Every structure is written in C-alpha cells, then in structure tokens.
Amino acid sequence: MSVQTEIKSITVTELRRMKAAAERIACLTAYDASFARVLDEAGVDVILVGDSLGMVIQGHDTTVPVTMDDMVYHTRCVAGACRRALLIADMPFMSYATPEQALRNAARLMQEGGASMVKLESTNMQVETVAQMTAQGIPVCAHLGLRPQSVHKLGGYKVQGRDEQAAKAMLDMALALERAGADLLLLECVPAELGEEITKNIEVPVIGIGAGAACDGQILVLQDTLGISHNEPPRFSKNFLQGENDIPAAIKAYITEVRQGSFPAPEHSF
Ligand code: KIV
C-alpha cells in the first residue's frame, strides 16, 4: 500500500501569517518544469514565472518583447511541478493597459497557465485596475520601485525612490495598492531604508529584490543564484552555487540565508 504524503500548499493567508510571525518568505523565479520541481522540493515558498524570461530564456536585452502567449506557455510548464509553492505569473508589457485587458489576461494566466496570483508593475494608474481585479477574486502582487517594463522611459535600470519626495510617493502608492486589495507587494531596487519603511507601514507581505534585508521576504532570478546570468549579475544578486555541490544544495542555501536574514547582506543593498 502506498502512503501519500500530504503537502500543505502556500496560500495568501499563509503568507500573511508568515509576515505576522516574522518568518521570512523565500521566493525565486522559474520558467520550466525541471527547475520548478527542484525549487518546490527544496522548500521555496513562492515561485514566480517572471517576464525576466525575456532576458534569461529568450536572450533579449529587456522584458519588453515578452508576450501573453509566452507567459501562458511558461506558466503552464511550471504549474505542473508546483506542489507546495504559491505560483505567481507576471503580466507582460501592455497586457494590463486597461482594467478590461488586465481582467482578460489575468484570467488566461490563471485558467490556461494555472497561476494562483498575477503580478503587475504598478504606478498610480494601476490602483483602479488592481481594485477591479481583486474584486473579481484575482490575487494580485503589485510590483513597485524599478519597473523593468518601463526601462526605456526610466532611462535605464536605476535605483528608484532615492530622494525624499520619490520615497514618500512610493510609500503612498504602496498604501493605495494595499487599500485596492493587493495581496503581495514586490519592491525592486530601492534604498534599504525605504524598503524597511514600506514593509513596516503596510500589512501586506513585502518581497524585496535589491530592497534591503528588512523586507518580509526576498526574490531573485534563478539564473543569478546559479551564476549563469545572461548579462553582468546585478549588485543585489548572489551566486549560491559557489561552495555547494549541486543545484538543490544551492537552492537550499539560498532559502536558509533568506530565512536567517543573512541574505541580502549590506553589499547586496542600496
Ligand atoms: O520578472 C521577474 O523575474 C521579476 C523579478 C523582480 C524577480 O519581476
């Protein structure tokens, strides 16, 4: 007789519990079933099918060329391998320009791709969109700080929220997105003090990437953690394969360092 091991999967409620209990949330990107299985079995809490696949899988210089069909395809590849981790899929460039488009495309990522949450790069324009999505039962992760889909408008991949006015505007936007019903916030490339201020002032869990150690959790692009980045690795990343024998051990080392709060260290922060 075979005994089926019961695996409790991560939900939005569990992420809120982890924030309240000060248990750090370990997140990584994945784009295919083999890596997703390794991450899930190692104990990664959240797997993001990021539109970073445009750079690390497709070899583009930006995430702008990524399409909805690309996102649905890779989300479906990953979904079958996720038993415990919460699966988030990125909404690609211009797939949420209006609330109607956002609702239609989020439904594709959930129904065809199997995602449990969608992520969108957010400005004040997205507050109403997020309100409509969450009112329809779509869990949303709002991405603030550096928004790579706007790289051509921002003039490069630069740290955001450095001056007092920009920092206040970002905190206000985080609060507005929380009121709109966002379930998770992702903060990319902001000064560590701003990461801490936003994390302390909102109830929604905050996941950082280059946002300092005080966030409720951390995320990295998988290829950066394995030292196989397409370009020069960003300052906020770390090669966890160094000193480990194989990929599962590297992923476990990442999870341990995130949980203990030893990653990111000051040299990974701004
Ligand atoms: O697309 C992506 O991988 C992201 C990162 C912030 C993890 O959004």
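**Salt bridges: worked exercises**

Lys238 is partly exposed, with a relative accessibility of 26% (buried is under 20% relative accessible area, exposed over 50%, partly exposed in between; 1.4 Å probe, protein chains only). The model is predicted: local features need pLDDT of at least 70, side-chain atom pairs count only at pLDDT 80 or more, and totals for chains, interfaces and linings use all residues. Residues are numbered from 1 along each chain as its sequence is written, and side-chain values use heavy atoms, leaving out hydrogens and water.

**Exercise 1.** Find the salt-bridge partner of Lys238 and place both residues.

*Solution.*
- Apply the criterion: a side-chain nitrogen of Lys or Arg within 4 Å of a carboxyl oxygen of Asp or Glu.
- Glu257 meets Lys238 at 3.0 Å, N to O.
- Glu257 sits in helix 11 (residues 247–260), while Lys238 is in the loop between helix 10 (222–225) and helix 11. Helices are DSSP runs of H or I, at least four residues, numbered from the N terminus.
- The two are 19 residues apart and link distant parts of the chain.

**Exercise 2.** Describe the salt bridge between Glu196 and Lys200.

*Solution.*
- The closest N and O atoms are 2.8 Å apart.
- Both residues belong to helix 9 (residues 192–201), four residues apart, about one turn.
- Glu196 is partly exposed at 33%; Lys200 is exposed at 64%.

**Exercise 3.** Which residues are linked in a network with Arg17?

*Solution.*
- Salt bridges join Arg17 to a network with Lys8, Glu14 and Glu23.
- Arg17 and Glu23 pair with their closest N and O atoms 2.9 Å apart.
- Arg17 is partly exposed at 38%, and so is Glu23 at 35%.
- The total count is twelve salt bridges.
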